[in-house]
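Please open the model in your viewer and keep the selection tool at hand, since this tour moves from one selection to the next and says at each stop what you will find there.

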Amino acid sequence: MKSLNIRILAVLIIFIVGLVSIYPTFKLYTTPNISKAEETSLSKRAIHLGLDLKGGMYLVLEVDTAGLREKSSDLRDRALEIIKNRIDQFGVFEPVIEKQSGNRIIVQLPGVDRDRAVNIIGQVAHLEFKLVAEPTVSQEVFKKIDNALEGGDSLSIKEPFSSYLMAMEGDVGIDIRDEDSVRAAIEQAKAAIPADLQVAFGPKEIYQNRDMKRIYVLKKEAELSGEAIRDARHEPNSSQNLQNMGYWSVQIEMKRDAARKFASITGRNINKRLAIVLDNVVQSAPNIAERIPQGRAVITGQFKAEEARDLAIVLRAGALPAPLKIVEERSVGPSLGHDSIVKGVRATLIGAAYIVLFMLFYYSLSGLIADFALFLNIVLLIGILAAFRGTLTMPRIAGIALTIGMAVDANILIYERIKEELRLGKTVRTAITQGFQRAWLAIFDSNVTTIITGFVLYIFGTGPIKGFALTLMIGLVLNLITAVFVTRAVFDFFSHKFEITKLRI
């Protein structure tokens, strides 16, 4: 009895742990008008809904290999890994990211904002550190552009190029409404720009109540590239620039070799400016006051917290090897997901109800023990998914439904063996013991072979197939515990506690 009491206590503890794991999921999806803070707290411990249930984004991306020498398949594979890294850090639960023929990549993101998702996936994130030309050199370049356009047949610019330039706190800027004309003029006069220099623009900013962009003359050759980055973190902006007050910045930490090179670059160019250029946009161009030995830099600008966080993610994950084009985009609405949840859960509950009634009708009170083991199996399965922050999808609901059938199958094997032992005239205790022992091999074989099949599906399958296979494998492992250990403990407890001489089975 001491051993039985320990086993029964273990069953109760397992049952309570399962209920505790399920509680956050139950509360999250059943509490009306839940507060944002409580929703965030519960989400960390609850099951999440997949794209087919919650809605979200479905994208088909194509790697633009035009003008690149590298094999298109290699570019696609590199882009796939970088997208995976970005999405993992973005915090999407169980995204589907797969290769497709024709340089294409499929991305499914449940429950995410469309604009943020597209931006974080498609941003090339090509980061470079370039020296800013001296002010006298910049003025000379602008004068050469003016001279090249003077007397030319330019339809894009009606005034001298220099007339579009305005002073901006030590820099030169343009009104954003003139940007197209200025860019066209630079392109037309590019032959006049020295080969080792380039003209670049900063991001849009508000200056003296006008939408402006700074314009820079940079050394064309980069001193360092984004491959030098080891880590990137977003933090509140501590810059003294009033334009950036209240915004966020991105702190960059470089790899060891790059840090030494960065220290050498900053040491040689004290009192010069070093531009931080992201996707050909000058995010900031701070002055080098002293040699920087630690290999740290800061990207400042008018970033909101989410923007700075997303930029830090793409910098950590690395730059895409080539631009991506969205060739197909679909938004899956949550109303469709709601219908799927209702129908899927309803089908599972109806199936479970039929099984419960069958076991009670056919095996009497012994069927009630099997039903308890079945209920415990489902509780533990959902509890494990919640504990590991799993995602519930329609294939996983199908896996749960199949697990229910497999769980009852094990109990039926055991009960039929017990019946055979009782018909041979054995006592209840002996029949129970030998029934479990002789059914064990058949149960083990059937469950293990199905687990192996699920393992193969998980290894070679994709997306929904993986979800179905994983849920099925977890359910079958739990089945070996609940159908054998739990029901055996309950049978032994009652047969010893109440000295049962006749078993209704």
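**A walk along the aromatic rings**

Begin by selecting I452, F455, V456, Y458, I459 and F460, which together make a nonpolar surface patch of about 610 Å². Keep in mind throughout that what you are looking at is a predicted model.

Within that patch, now select Y458 alone, a residue that is found in helix α12, which covers residues 428-460. Is Y458 buried or exposed, or something in between? With a relative accessibility of 31%, Y458 counts as partly exposed, because the partly exposed class lies between under 20% for buried and over 50% for exposed. Add K466 to the selection, and you will see that its charged end sits over the ring of Y458, at 4.5 Å from the ring's centre. For another arrangement of this kind, select R183 and F201, where R183 lies over the face of F201, 4.1 Å from the ring centre.

The next stops concern rings that pair with other rings. A pair of aromatic rings is described by the distance of the centres and the angle of the planes. Searching the whole structure gives 11 aromatic pairs. One of them is formed by F358 and Y362, a stacked pair with 5.5 Å from centre to centre and 15° between the planes. Both residues belong to helix α10 (residues 334-387), and because they are 4 residues apart in that helix, about one helical turn separates F358 from Y362. F358 is partly exposed, with a relative accessible area of 39%, and Y362 is also partly exposed, with a value of 43%.

Move on to F493 and F494, an aromatic pair that is edge-to-face, with 5.6 Å between the centres and 85° between the planes. Here F493 counts as buried at 17% relative accessibility, whereas F494, at 38%, counts as partly exposed.

Then return to F358 and Y362 and widen the selection to include Y363, Y415, F436 and F491, since these residues form one aromatic cluster together with F358 and Y362.

For the last stop, select K497, which is found in helix α13, covering residues 464-497. K497 counts as partly exposed, at a relative accessibility of 48%. Finally, add T391 to the selection: how far apart are the C-alpha atoms of K497 and T391? They are separated by 42 Å, while along the chain the two residues are 106 residues apart.

Notes: Residues are numbered from 1 along each chain as its sequence is written. This is a predicted model: local features need pLDDT of at least 70, side-chain atom pairs count only at pLDDT 80 or more; totals for chains, interfaces and linings use all residues. Side-chain values use heavy atoms; hydrogens and water are left out. Patches are made of residues with over 30% relative accessible area and no salt bridge: like charges are joined within 9 Å, nonpolar side chains (Val, Leu, Ile, Met, Phe, Trp, Tyr) within 5 Å. Accessible areas come from the Shrake-Rupley method with a 1.4 Å probe; for residues, only the protein chains shown count as cover. A salt bridge is a side-chain nitrogen of Lys or Arg within 4 Å of a carboxyl oxygen of Asp or Glu. Helices (H or I, at least four residues) and strands (E, at least two) are DSSP runs, numbered from the N terminus. Buried means under 20% relative accessible area, exposed over 50%, partly exposed in between (1.4 Å probe, protein chains only). Rings of Phe, Tyr and Trp (its six-membered ring) pair if their centres lie within 6.5 Å; planes under 30 degrees apart count as stacked, over 60 as edge-to-face and the rest as tilted. A charge sits over a ring if NZ of Lys or CZ of Arg is within 6 Å of the ring centre and within 35 degrees of the ring normal.
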